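I opened this one to practise reading a structure piece by piece. Here are my notes, in the order I looked things up.

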Amino acid sequence: MARILAVTNQKGGVGKTTTAVNLSACLAECAQRVLLIDLDPQGNATTGCGVFKREAMPTVYQILIGRSTMADTRMRTDFGFDVLPANRELAGAEIDLIDIEQREYRLRDSLADIRGSYDFILLDCPPALNMLTVNGLVAADSVMIPMQCEYYALEGLTDLVATLKKVRAKLNPRLEIEGLLRTMFDPRSTLTQHVSRELEGHFGDKVYRTIIPRNVRLAEAPSYGKPVIAFDRSSKGAQAYLLLAQEILDRCADKPGTAAATAAPGVRP
């Protein structure tokens, strides 16, 4: 059964979509079967993996309101993984779901039939606590939190942890924090180093060893509709996400009841 991982942070601009797209590509590179689900009406994850969101139909929106199935909606990318696309019409899901019973469980229930077809399902959640994010958190086994090492990020993290506790108590008792990912990391900054140490001291091994650096190639890749390993494999950003993929596989292999996953040769921390 696939491990369902929600990539989320209520704070925007922290590298959430960049992480969802590039981690999907790197896990696929490691011979994993991967599905990326775009839950953000902006559709940036959709375009980031080479799908024209204006032409994508049906989308996640049709799945949530019951007009399509996962099998009819998922698309194969050129990078070895599948994607469930999104576009602006997804913004209407918030209103359309109001009168639907069990609306928090729509995504979870839709995934039931295809979960066995994948090793990982990644959910790119919007930077807000709305019904789309709630659907993602209810469907997920665990949460990955990308964040910058800055003061305001710590404040946002406190709010997010409180939200996760509420979701776990009322809607999804199995939900856990998979890990905190330090993104856009600049080692020259004293504040960055300080916040990084604070995270490690408070969250311990929940903080991924892998750090995603600030990298121009990471920023350029989405404009070409490619993950960074397809755009510039030798870049620091590409190498960092390959290391992150391997770290996640190693963690899964160490968990009781989780099938051990083997990465492709040469992809090692």
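**Loop and odd phi angles**

I began with Gln-102, which lies in the loop between α5 (93–96) and α6 (106–111). Helices here are DSSP runs of H or I with at least four residues, strands are runs of E with at least two, and both are numbered from the N terminus. Before going on, I noted that this is a predicted model, where local features need pLDDT of at least 70, side-chain atom pairs count only at pLDDT 80 or more, and totals for chains, interfaces and linings use all residues. Residues are numbered from 1 along each chain as its sequence is written, and side-chain values use heavy atoms, with hydrogens and water left out.

Back to the loop: Gln-102 is not a glycine, yet its phi is positive, about 55°. That caught my eye because most residues other than glycine have a negative phi. I also checked its surroundings: Gln-102 is exposed, with a relative accessible area of 52%. (Exposed means over 50% relative accessible area, buried under 20%, partly exposed in between, using a 1.4 Å probe and protein chains only.)

Met-184 has a positive phi too, near 50°, and is not a glycine either. I found Met-184 in strand β7 (residues 176–185). At 27% relative accessibility, Met-184 is partly exposed.

**Two helices side by side**

How do the axes of α8 and α9 cross? Helix α8 (residues 151–170) and helix α9 (residues 190–203) have axes that come within 10 Å and cross at roughly 25°. The axes are lines fitted to C-alpha atoms over the stretch in contact, and the angle runs from 0 to 180 degrees between N-to-C directions. So α8 is roughly parallel to α9; angles under 35 degrees get that label, over 145 is roughly antiparallel, 65 to 115 roughly perpendicular, and the rest oblique.

From α8, I listed Tyr-151, Leu-154, Leu-157 and Val-161 as making the contact, and from α9, Leu-191, Val-195, Leu-199 and Phe-203. Contact means heavy atoms within 4.5 Å. By class, that is eight nonpolar residues, no polar and no charged ones. (Ala, Val, Leu, Ile, Met, Phe, Trp, Tyr, Cys and Pro count as nonpolar, Asp, Glu, Lys and Arg as charged, and the others, Gly among them, as polar.)

**Cysteines**

I looked for disulfides, meaning pairs of cysteine sulfur atoms within 2.5 Å, and the count came to zero. For Cys-30, the nearest cysteine sulfur is that of Cys-26, 7.0 Å away. Cys-30 is buried, at 0% relative accessible area. The sulfur of Cys-252 is 12 Å from its closest cysteine sulfur, in Cys-30, which is too far for a bond. Cys-252 is buried as well, at 3%.

**Helix α12**

Where is Ala-245 found? It is in helix α12 (residues 236–254). Ala-245 is buried, at 0% relative accessibility. Its C-alpha is 5.5 Å from that of Leu-27, although the two residues are 218 residues apart along the chain. Leaving aside neighbours within four places in sequence, Ala-245 is in contact with Leu-23, Cys-26, Leu-27 and Cys-30.

Arg-251 is in α12 too. Is Arg-251 buried or exposed? Arg-251 is buried, with a relative accessible area of 17%. Not counting residues up to four places away in sequence, Arg-251 touches Glu-178, Gly-179, Asp-205, Lys-206, Val-207 and Tyr-208.
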